[in-house]
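Q: Hey, I'm new to this one and could use a hand finding my way around. Mind if I fire off some quick questions?

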Amino acid sequence: MEKYNVTLEQFHQDGFIAVKPLFDDSAITDIKNNVQRFVHDVVPTLPAARVYYEDRNDPTTLKQVQKIFEYDNYFEALMLQSVVREIAENLLQDDVIPINMQYFNKPPGNNTPTPAHQDGFYFHLNPCEAVTGWLALDDVDEENGCVHYVRGSHHSTQLRPHGKTGVLGFSQGITDFGTPTDNNNSVCLPGPAGTFLMHHARTIHFAGANQSLDRSRRALGFIYYAKRAREDIAAKTAYQAQLDTQLAQTGKI
Ligand SMILES: O=C(O)CCC(=O)C(=O)O
């Protein structure tokens, strides 16, 4: 971990780490070219439930793609055999189960912020031991919607109350977010393309809208569960079925 200038102590203390950058220019160009290829060639062949568009009739409104490592060898290698997995194993101090690799697209002028949430609320794990990685494919800052963390928020083992947000891809958000502790400990994580963040599943995080007129904000998310964490399959399946029904009813998938 020292080679990336981050430590396990930092992760335990803050609930996240940031490597700026983990991937250099040529590596990030390669990843971006493959994202472009994937969006062009593979996305049109995916089941509807894997692909979220703001408007299904307009492909330029692509917002999120789920589980991309299950549909492409390049992304499978990035998820299963890369430095990202190595960092996840180091932070969780365990073998990991690769769960999801997501593509996030916030085009210029997209005015939907990512609501404050804890990934653990979506995961249904006991113990809640998992991490999410976030790789910036573009330079990110406050203007185009970089990620913010609430430092130390993972220390409380009780998840915060969540409720419906109406935001595609982030259906649940913290209903009482914005306490003095939240506000005083919120930090934003700007950085060049190739910046890599990884947070604990209880760490509260959010992101702004992309308010720029001409800068995209694309990212990849990587979710790994610790092997020692057990999933409440019944709760998770019920939640996913309910979500899919709701998305189908509103014409989102
Ligand atoms: O890309 C974003 O706006 C936020 C990503 C996020 O919240 C997550 O991966 O859990």
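Q: Let's start with Asn-111: buried or exposed, and why?
A: Asn-111 is exposed, because 10 other C-beta atoms lie within 10 Å. The cut-offs: a residue is buried if 20 or more other C-beta atoms lie within 10 Å of its own, exposed if 12 or fewer, and partly exposed in between, with C-beta atoms placed from the backbone. Keep in mind that this is a predicted model: local features need pLDDT of at least 70, side-chain atom pairs count only at pLDDT 80 or more, and totals for chains, interfaces and linings use all residues. Residues are numbered from 1 along each chain as its sequence is written.

Q: Where does Asn-111 lie?
A: Asn-111 is in the loop between strand 4 (96–106) and strand 5 (114–117). Helices (H or I, at least four residues) and strands (E, at least two) are DSSP runs, numbered from the N terminus.

Q: And how many Å apart are Asn-111 and Leu-78 in space?
A: They're 30 Å apart, C-alpha to C-alpha, with their positions 33 residues apart in sequence.

Q: Zooming out, how many helices and strands are in the protein chain?
A: The protein chain has 7 helices and 15 strands. Of its 253 residues, 38% count as buried.

Q: What radius of gyration does the protein chain have, against that of a compact globule?
A: It has 17 Å, and a compact globule with 253 residues would be near 18 Å, so the two agree. That's taken over C-alpha atoms, and the globule rule is 2.2 Å times the number of residues to the power 0.38.

Q: OK, sheets. In what order do the strands of the 7-strand open sheet come?
A: The order is 1-12-7-14-4-3-2, with antiparallel pairing. Strand 1 (16–19) and strand 2 (51–53) are the edge strands, each pairing on one side only. Two strands pair if DSSP finds at least two bridges between them.

Q: How many bridges are there between strand 2 and strand 3?
A: There are 3, in the antiparallel sense, and strand 3 covers residues 62–65. Tyr-53 stands opposite Leu-62 in strand 3.

Q: What about the open sheet of 4 strands: which order there?
A: That one goes 5-13-8-11, and the pairing is antiparallel. Its edge strands are strand 5 and strand 11 (186–188).

Q: What does strand 8 pair with?
A: Strand 8 (residues 147–150) pairs with strand 11 in the antiparallel sense over 3 bridges. Another 3 bridges join strand 8 to strand 13, also antiparallel. His-148 has Cys-188 as its bridge partner in strand 11, and stands opposite Phe-206 in strand 13. Val-150 has Ser-186 as its bridge partner in strand 11.

Q: Switching to the ligand: which residues are around it?
A: Phe-104, Thr-114, Asp-119, Thr-132, Trp-134, Val-147, His-205, Ala-207, Ala-219 and Gly-221. To count as near, a residue needs its C-beta atom, placed from the backbone, within 6 Å of the molecule. Strand 7 (130–136), strand 13 (205–207) and strand 14 (217–226) are the elements that give two or more residues to this shell.

Q: Last one: why does helix 7 lie largely in the open?
A: Because the number buried among its 17 residues is 0. Helix 7 (residues 233–249) has its end C-alpha atoms 24 Å apart, in agreement with the 24 Å expected at 1.5 Å a residue. That expected span is 1.5 Å times one less than the number of residues. After helix 7 comes Gly-251, with a positive phi near 75 degrees.
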